[in-house]
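Open the model in your viewer and switch to a cartoon view. We will go stop by stop, selecting as we go.

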Amino acid sequence: MTDLLFQTDSYLQEFDARVTGVQPETRAVILDQTAFYPAGGGQPCDFGALTIDGVSYPVTSVKKQGADVSHFLSGEANLPAATGAAAHGKIDWARRHKLMRTHTALHVLCGVVFRDYGALVTGGDMEPLKGRMDFEFERMQAELVREIEAAVNLEIGMGRDVRVKILPRAEAFQIPDLIRTKINLLPEGIQQVRTVEIVGLDLQADGGTHVRNTSEIGRIRVTDYKSKGAINKRIYIEIE
């Protein structure tokens, strides 16, 4: 089982670990702990490097596989022959911080839309400094989009703190409107629920990485909006 260091410290850029598994057929290693975010929840995985036994390997993909996190390594250097080797990881911080800003911006968008219009999220995706979110709207027009953009930037400018907690499942699900997606994506077997709160605006279950304060985001700009169905409307944003 890989300990997910990013869940309690999104700002951790380097870390030490031990190799607990080697997958030669896919050029992947499993670590006892990691700060690399595996792809999931609409957030792409981290990139960076792992140094093992003095050899530096570029990390080009990270995936969660059951309770483990696999780090896929590029290059031609041989993988460690056995488990137990010491590893040092370094995150591509410039990319990670852009994703953190983007993810928190999408939560601000979600919080504003839920507060002002009561619309649930039906989907979302992101890449560094741009993303999209789908909502349960019957109609969406340019005036509404401008209102949403202005409200989001107002909330960002408030400099709201972002707080992360890990709660027992029973306690977490006593929080009203904890799940903002149309479908509850949390499997029944998960007994600890990570929550992300933008103080005074938004509180929901989430596993991704976020900035500490909305002032780190910058301004957002709605670049497009589309109808994706009778009650499904998509908003595209970019971070400036």
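In what order do the four strands of the open sheet run? Select them and read across: β9-β10-β15-β14, with antiparallel pairing. The edges are β9 (121-127) and β14 (220-227), each of which pairs on one side only. From one strand to the next, the twist averages 15°. Remember that this is a predicted model.

**Colour by confidence**

Colour by pLDDT. The chain average is 92, and 94% of the residues score at least 70. Among the elements of the chain, find the two extremes. Strand β4 (residues 33-34) has the highest mean pLDDT, 98, and helix α3 (residues 169-172) has the lowest, 78.

**Inside the sheet**

Return to the sheet and select residues 130-135 and 233-239. These are β10 and β15, paired in the antiparallel sense over six bridges. Show Met133 as sticks, and look across to β15. Ile235 is the residue opposite.

Now add β14. Strands β14 and β15 run antiparallel and are joined by seven bridges. Pick Lys226. Opposite this residue, in β15, stands Arg234. Then follow the chain through the hairpin of β14 and β15. Five residues lie between the strands, and Gly229 takes a positive phi near 155°.

**The helices on the sheet**

Bring the sheet back into view, with β10 and β15 paired over six bridges. Select residues 93-117. This is helix α1, which packs on the sheet and touches β9, β10, β14 and β15. The direction of α1 makes about 25° with that of β10.

Next, select residues 142-157, helix α2. Helix α2 also packs on the sheet, touching β14 and β15. Its direction makes about 145° with that of β14.

**Where the helices meet**

Hide the strands and keep α1 and α2. At what angle do these two helices pack? The angle is about 120°, and the axes are 9 Å apart. The helices are therefore oblique to each other. Their crossing is right-handed.

Show the side chains of the contact. On α1, pick Val108, Leu109, Val112, Val113, Arg115, Asp116 and Tyr117. On α2, pick Leu144, Glu147, Ile148, Ala151, Val152, Glu155 and Ile156. Colour them by class. Ten are nonpolar, four are charged and none is polar.

Key. Residues numbered from 1 in each chain as written. Predicted model: local features only at pLDDT ≥ 70, side-chain atom pairs only at ≥ 80, totals over all residues. Heavy atoms only, no water. Pairing = 2+ DSSP bridges. Axes fitted to C-alpha atoms, helices over the stretch in contact; angles between N-to-C directions. Contact = heavy atoms within 4.5 Å. Parallel < 35°, antiparallel > 145°, perpendicular 65-115°, else oblique. Left-handed = near helix turned anticlockwise from the far one by under 90°. Nonpolar A, V, L, I, M, F, W, Y, C, P; charged D, E, K, R; others polar. pLDDT = per-residue confidence, 0-100.
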